[in-house]
Amino acid sequence: MERNERSGSESGTESMAKSWCIQFCIGPNPWMARYIYGLMFLITNLLAWVVRDYSHSALTDMERLKGCKGEKDCLGGQGVLRVSLGCFTFYIAMFLSTVGTSKLHERRDLWHSGWWSAKIFLWIALMLLPFFIPSTFIQLYGEIAHFGAGVFLLIQLISVISFITWLNECCQSDKYADRCHIYVMLIATTAYVICIVGIIMMYIWYAPYPSCLLNIFFITWTLVLLQLMTSVSLHPKVNAGFLTPGLMGLYVVFICWCAIRSEPPEESCNRKEAATKADWLTIIVTLKQSVKLEN
């Protein structure tokens, strides 16, 4: 009897694993699609990071490609633009081929949530194609990409606000209010401490002199935004508590830090040494945003 039960459970597990494999390789799965797209976006970001920081020593034959004048036009910043162009081409192609889809199991929906082998092959091909494009076109794309980066930050901001609002409402609901009260206060307090420490460190690292007016302006405006969000959240008509402004403060401080740390280390206002190549914080945040955007 025990053998039969054991064999039955094992066969059930094997059939479940096979069904997941079949759904990935052949059948459409709308639930899985968002996570696969998010994983592909994460891999693209990691690839751009590798091309920027490590490709000079790993890729020595880049000068053979038609679009590369030696390695300098295909590695470093140019390499990131080429990876970005491949990623943009893939996702805009997916958007144009599935826009207007309103029903499940129609052809465009099947293409959106299935055919993963074909789409992975297409993604790899589109990631390699920009390395054969002349550098002049890549530079033009880089100028246009500044606008696209602003749009992406706006979408990211909307996604972050939506997630934090949902989390705060969930923690304040009658079902979880008593259970989550201590955790909410702990998380909110930690978030405020990190925000204040981050702002102080930015003043020390990036605004050591009164002449660093631009850095002082952005850091001070970040502090003002933190205070303003807290005041609005605690207003009797809003009464959203400390969790929402605390988490939003973390995001705003991080955006400010990313902006001013991009200043060349040779500048007198940048007292912090250049970031090391293994920027694991950037990788973690990229992973978090990829999962959040797909959700």
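Asn-168 is in contact (heavy atoms within 4.5 Å) with Ala-240, Leu-243 and Thr-244, when its neighbours within four places in sequence are left aside. This residue lies in helix 7 (residues 135-172), where helices are DSSP runs of H or I with at least four residues, numbered from the N terminus. Asn-168 is buried, with a relative accessible area of 6%; buried denotes under 20% relative accessible area, for a 1.4 Å probe and protein chains only.

The model is predicted, so that local features need pLDDT of at least 70 and side-chain atom pairs count only at pLDDT 80 or more, whereas totals for chains, interfaces and linings use all residues. Residues are numbered from 1 along each chain as its sequence is written, and side-chain values use heavy atoms, without hydrogens and water.

The largest nonpolar core (buried Ala, Val, Leu, Ile, Met, Phe, Trp, Tyr and Cys residues joined through side-chain atoms within 4.5 Å) comprises 16 residues, of which Tyr-37, Met-40, Val-83, Phe-90 and Trp-116 touch the most other members. At least two residues of this core come from each of helix 2 (30-53), helix 4 (76-98) and helix 6 (116-128). Helix 2 contributes the most, with seven residues. Not counting residues up to four places away in sequence, Met-40 touches Phe-90, Tyr-91, Trp-116, Lys-119 and Trp-123. Cys-195, Ile-219, Val-253 and Ile-260 are among the members of a second, separate core of twelve residues.

Between helix 4 and helix 6, the contact is made by Val-83, Gly-86, Cys-87, Thr-89, Phe-90 and Met-94 of helix 4 and by Lys-119, Leu-122, Trp-123, Leu-126 and Met-127 of helix 6.

How values were computed
Buried means under 20% relative accessible area, exposed over 50%, partly exposed in between (1.4 Å probe, protein chains only).
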